[in-house]
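Q: I am new to this structure and would like to learn how to read it. Could you take me through it feature by feature?

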Amino acid sequence: MTDENFLVMEKSIPVPEGAKTRVTTDLDFDLEGKQISYLRIPYSRNTSAWGRLLIPIVQFKNGDGPTMFISGGIHGDEFEGPVVLIKLIQRLKLENVQGRIIIMPAVNLPAHLQSTRLSPIDNVDLNRCFPGSKTGSVTQVLAHYINDFIVPKADYVLDMHSGGTSLDFAPCVVMHQLEDKEIEAKTLAAVRAYGAPFALYLKEGDPDGLLDTAVEKAKKVFLSTELRGGATVTKDAVDIADNGLCNLLNHFGVAKANRSKYTRYKNKTTTTLLRTADESCFITAEDDGLFEPLVNLGDRVKAGQPIGQLHHITTPARRPFLLKANSDGVFICRRVQGRAEAGDCLAVIATEEEWEDL
Ligand code: CA
């Protein structure tokens, strides 16, 4: 695809009366076996009359059992999920599956191909537009299909994220605080089984539009990850992601999955449980400047401890702005780019909790 294609805005096209979606697929969700196919979304543009967007989708189905939906690349500048999922698609043997696994390794494919967070076609964040719209732009149409046709089939959903272009995380598996305590207990057990160095138990401050919220509303078990970031791929993040994915498939009883032959990490540590209780955990730039972190990802910090400073290079006489931790906790996320503008997230300090206290 050329850049020119991405500049064409997708117009809202009405769905024919009676049709539930504009998305088509050859994949038969009821069929036994391994299918590698596409979701096809109408995408008419100057260079392609009757064109379609082809979004890869893969299903393994073997007998009765639970259904797990696994997504990567909902943000197109996060590559750890796509790497681990493409390897699983090629490695997993159908006879080791018990139930059904639906995998979309790069859900927002147009964004993935441009390494951008948002879709370059319509400038929509796929993870802020759920439950989507069947008459909306391509990203909204895709979200609507996942919401209406895939989520209802799933018992368990894993959505693999990282910090993308602007953030870098100490590797975390992530879950939300839930009102339904039965589903919360199942999710907590899965988070422990995942085996990441850190687990983040979040009260989502801005839940509207997330796939997370759509799945949780449907009363399904939902887990996410924040595995490094920086729009790159690191061995530690891929190893933790691969190990955690296999642990979950085994934990949910949907597959006997073996890790990639290149994966070295194996639940070496007990997962440290963390929480971002409120806004004060997020340290935001209130001025432009050059961000210098004073601690490393994963470091424990004390309330009041300097964790970074913002330098003013164009005014050398001006003292740097010192950024301090608001509470005791772990430095789990940092801004990747040195330059920061007012409003950018510079760091996240999550507080440590005891598993028994949940
Ligand atoms: Ca993300």
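Q: Which residues coordinate the calcium ion?
A: Donors are N, O and S atoms within 2.8 Å of the metal (3.2 Å for Na, K and Ca); water is not among the atoms, so sites may look incomplete. Here His-75 (ND1), Glu-78 (OE, listed twice) and His-161 (ND1) coordinate the calcium ion at 2.3 to 2.8 Å. Along the sequence, these donor residues follow the spacing H-x2-E-x82-H. His-75 lies in the loop between strand S4 (67-72) and H2, while His-161 belongs to strand S6 (residues 156-161), 86 residues apart.

Q: What kind of model is this, and how are residues numbered?
A: This is a predicted model, where local features need pLDDT of at least 70 and side-chain atom pairs count only at pLDDT 80 or more, while totals for chains, interfaces and linings use all residues. Residues are numbered from 1 along each chain as its sequence is written, and side-chain values use heavy atoms, leaving out hydrogens and water.

Q: Are His-75 and His-161 buried or exposed?
A: Buried means under 20% relative accessible area, exposed over 50%, partly exposed in between (1.4 Å probe, protein chains only). Both histidines are buried. In H2, the buried residues include Val-84, Leu-85, Leu-88 and Ile-89.

Q: Which residues have the most contacts inside the largest nonpolar core?
A: A nonpolar core is a set of buried Ala, Val, Leu, Ile, Met, Phe, Trp, Tyr and Cys residues joined through side-chain atoms within 4.5 Å. The largest one has 44 residues, and Met-68, Ile-70, Ile-101, Ile-103, Leu-223 and Leu-249 have the most contacts inside it. A second, separate core of 35 residues includes Val-23, Ile-74, Val-124 and Phe-222.

Key: Helices (H or I, at least four residues) and strands (E, at least two) are DSSP runs, numbered from the N terminus.
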